[in-house]
Amino acid sequence: EMSWQLMQTLSWSASFGLLKTEITEHANPDPDAFNLKGREAAHAPEYTYATEITYAFTDNISAQIGIEGKDKYFYSDSHNFESEAYNLVNARIAYHRQNYEIALYGKNITDEEYGTRGFAGWDADPRSGAGFDETEFEQLGAPAVFGISARVDL
């Protein structure tokens, strides 16, 4: 993690995380059963990162643009369904005075579709009548979101 004041009006911050996991034991007496040994743990991406540039146009107006990302990861220890790696772009412009701030912001401004949770190995739709199968279901993260925020320091 780092912050760097490049110029009086321009700053850059960044963070980077690395994670290496491996399941070394998985005690299942059935040799034909699902085996996790040697696989990465669920919800453990190998890397995560975020970086942001902030520019101050004046003493009261600033803008930020940033990118955050995450490597692919397994959704669960009960199946092999994986997310995909993704990158999200966020932006913000703010007007601030001594004790208040008003800002316009956008999160995931490129409207990236990305998974946050996943389920597989069972039939969640009783209409199909398939019973146990390898159907995969994925919960998606938030789409593009734009808004206004206000803050007052008392």
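**Salt bridges and the largest pocket**

The side chains of Glu101 and Arg92 meet in a salt bridge, with N and O 2.5 Å apart. This is a predicted model. In total, the count comes to five salt bridges. Side chains of opposite charge can pair when their charged atoms come close. Three of these pairs are described below, followed by the largest pocket.

**Glu101 and Arg92**

- Glu101 is buried, because its relative accessible area is 12% and the cut-off for buried is under 20%.
- Arg92 has a relative accessible area of 25%, so Arg92 counts as partly exposed.
- The salt bridge thus joins a buried Glu101 to a partly exposed Arg92.

**Arg39 and Asp77**

- Arg39 forms a salt bridge with Asp77, and their closest N and O atoms are 3.2 Å apart.
- Arg39 sits in the loop between β2 (10–18) and β3 (47–56), while Asp77 sits in the loop between β4 (61–70) and β5 (86–96), so the pair ties together parts that are 38 residues apart in sequence.
- Arg39 is buried, at 10% relative accessible area.
- Asp77 is partly exposed, at 36% relative accessibility.

**Lys72 and Glu82**

- Lys72 pairs with Glu82 in a salt bridge, with 3.9 Å between the closest N and O atoms.
- Lys72 and Glu82 are both in the loop between β4 and β5, ten residues apart.
- Lys72 counts as partly exposed, with 42% relative accessibility.
- Glu82 is also partly exposed, with a relative accessible area of 27%.

**The largest pocket**

- The volume of the largest pocket is about 190 Å³.
- The lining has 15 residues, and the closest to the pocket centre are Glu52, Gln64, Asn90, Ala91 and Lys107.
- Four elements give two or more residues each to this lining: β3, β4, β5 and β6 (100–107).
- The largest share comes from β4, which gives five residues.
- By class, the lining holds five nonpolar, six polar and four charged residues.

**To check in the structure**

- Find the loop between β4 and β5, where Lys72 and Glu82 lie; Asp77 is in that loop too.
- Then find Glu52, Gln64, Asn90, Ala91 and Lys107 around the centre of the largest pocket.

Technical notes
Residues are numbered from 1 along each chain as its sequence is written. This is a predicted model: local features need pLDDT of at least 70, side-chain atom pairs count only at pLDDT 80 or more; totals for chains, interfaces and linings use all residues. Side-chain values use heavy atoms; hydrogens and water are left out. A salt bridge is a side-chain nitrogen of Lys or Arg within 4 Å of a carboxyl oxygen of Asp or Glu. Buried means under 20% relative accessible area, exposed over 50%, partly exposed in between (1.4 Å probe, protein chains only). On a 1 Å grid over the protein atoms alone, a cavity is a set of points where a 1.4 Å probe fits but cannot get out, and a pocket is an open set with protein on both sides within 12 Å along at least five of seven lines; lining residues have an atom within 4 Å of a point. Grid points are joined across faces, edges and corners, and a volume is the space filled by probe spheres set on the points. Ala, Val, Leu, Ile, Met, Phe, Trp, Tyr, Cys and Pro count as nonpolar, Asp, Glu, Lys and Arg as charged, and the others, Gly among them, as polar.
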